[in-house]
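Visitor: Please take a close look at one part of this model and then work outward from there. I would like to know what surrounds that part and how the rest is put together.

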Amino acid sequence: MASLGHPDQPTVYKGRGATYDPHNRFAPTRSEVEDDGWWREEASTTIATEVREEVSKSALSWNKSPDLPFDRSLNPYRGCEHGCVYCYARPSHAYWDLSPGLDFETKLIARSGLVERLKEELCQPNYVCRPINLSGNTDCYQPLEAKHQTTRRILELLLECRHPVTIVTKSTLVLRDLELLSEMAEHRLVRVFVSLTSLDANLKRTLEPRAASPQARLRAIRELNTAGIPVGALISPVIPGLTDHEIEKLLEAASRAGARTSAWMLLRLPYEVAPLFEAWLEAHYPERAAKVMSLMRQCRGGKAYDAKFGKRFRGEGVFADLIAQRFARASRQWNMQDRTEQGLNTRDFRPPRAQQDLFI
């Protein structure tokens, strides 16, 4: 797979977060662009989005992570057009022989047959009902959802069989399903968490180029709350030296909009995400790049990232402890409760074909 761009010479592409395509670590060969001295036309800074379909062999992804509040998740799409440069899910794109860089946000995969696979899995005799997390990897309400509507069909199925779900999104497209989510809320089957990173619209345009604006996300919180849907704020990622000064303001804004629960996560830079993020810093905030990465390493035991359970979401050290203390204090001030999947209704679950089976 040929690489697009180079980390030492990052290119700002219109509406994209990554500035280049890092090498796919699973590829057997590696190629890099070299200047041979011949004249060539300047490369376009606009990249179109490509979408291909993948027939799903299964629906639910399972985990035994002790620091996650759910043990199963569901992702309708691979890759994410929001283009958040910091996204911890970027390295997963390498499994499909694609780059975690620009490919992750421009070469997307829509999973077909997902609802049918989910029906089959929910009907397994040994299935035990617990909340499913939508968007465990990529945003289930990214722009692709407007056309494919896979997320909506999944929610319709879960409502039909009274199965609880939690949703994490930074898209206002969630409001399209307001009536459906409201009905689920009446049966205590849903909680929505809106991801907030910054209130600075200019920062958002480069950090999360195709995600909703900060004000639009706060509007989504407000409308979800008004419709009676339990909604919380996920302050993520907290980026030391770049967004950490906004913690208190973000929680205040979320609370005033109607969020009742909150959680936070420190910036995660696994595998290719670290060089991608550093290249983004050099392209957009060169004067802060060294400080941000220095603070990150202070929070990660001297490394860019530490994947250990208990540390990957919060970090460690003096600066990480200070962030945790500030967040806890601001949450108390605005009467925000901790994020939880507790309280969702699992008792009324019935397998999708339970009623039809009575007549077989």
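Guide: S56 is in contact with R111, S112, G113, L114 and R117, once its neighbours within four places in sequence are left aside. This is a predicted model, and what follows should be read as such. S56 lies in the loop between β1 (50-55) and β2. With a relative accessibility of 4%, S56 counts as buried.

The strand before that loop belongs to a small system of its own. β1 sits in an open sheet of 3 strands with the order β1-β5-β4 and mixed pairing. Its edge strands are β1 and β4 (77-78), each of which pairs on one side only. β1 runs parallel to β5 (residues 107-112), and 6 bridges join the two. Within that pairing, E54 has R111 in β5 as its bridge partner. R111 is also among the residues that S56 touches.

V115 leads on to another contact. R153 touches V115 and H148, not counting residues up to four places away in sequence. R153 and V115 are 38 residues apart along the chain, and their C-alpha atoms are separated by 7.0 Å. R153 is placed in helix α4 (residues 150-160). At 37% relative accessibility, R153 counts as partly exposed, whereas S56 is buried.

On the other side of the loop that holds S56 comes β2, which belongs to another sheet. This open sheet has 8 strands in the order β2-β3-β6-β7-β8-β9-β10-β11, again with mixed pairing. β2 (61-62) and β11 (337-338) are its edge strands, each pairing on one side only. Inside the sheet, β7 (residues 165-169) and β8 (residues 190-196) run parallel and are joined by 5 bridges. T166 stands opposite R191 in β8. Helix α11 (residues 318-333) packs on this sheet, where it touches β9 (231-238) and β10 (261-266). The direction of α11 makes about 170° with that of β10.

An aromatic pair also links α11 with β10. W264 and F327 form a tilted pair, 6.3 Å centre to centre with 40° between the planes. W264 lies in β10 and F327 in α11, so the pair ties together parts that are 63 residues apart in sequence. Both rings belong to buried residues: W264 has a relative accessible area of 4%, and F327 has a relative accessibility of 6%. R314 lies over the face of W264, at 4.6 Å from the ring centre. A second arrangement of charge and ring involves R339, whose charged end sits over the ring of F193, 4.5 Å from its centre.

Helix α8 (residues 247-257) is part of the same surroundings. Its buried residues pack against β8, α7 (214-226), β9, β10 and α11. They are I247, L250, L251, A253, A254, S255 and A257. After α8 comes G258, with a positive phi near 125°.

The model has 5 aromatic pairs. One of them is formed by F277 and W280, which are stacked at 5.7 Å centre to centre with 20° between the planes. F277 and W280 both lie in helix α9 (residues 273-284), 3 residues apart, about one turn of the helix. An α-helix has 3.6 residues a turn, so residues three or four places apart point the same way. F277 and W280 are both buried. Ring pairs link F277, W280 and Y285 into a cluster.

The cysteines remain. The structure holds 0 disulfides. C129 is in none, and the nearest cysteine sulfur, that of C161, is 7.8 Å away. C129 is buried, with a relative accessible area of 11%. C299 is also unpaired because its sulfur is 20 Å from the closest cysteine sulfur, in C87, too far for a bond. At 1% relative accessibility, C299 counts as buried.

Key: Residues numbered from 1 in each chain as written. Predicted model: local features only at pLDDT ≥ 70, side-chain atom pairs only at ≥ 80, totals over all residues. Heavy atoms only, no water. Pairing = 2+ DSSP bridges. Helix = DSSP H or I, 4+ residues; strand = E, 2+ residues; numbered from the N terminus. Contact = heavy atoms within 4.5 Å. Axes fitted to C-alpha atoms, helices over the stretch in contact; angles between N-to-C directions. Buried < 20%, exposed > 50% of the residue type's maximum accessible area, 1.4 Å probe, protein only. Disulfide = S-S within 2.5 Å. Phe/Tyr/Trp six-rings, centres within 6.5 Å; stacked < 30°, edge-to-face > 60°. Lys NZ or Arg CZ within 6 Å of the ring centre and 35° of its normal.
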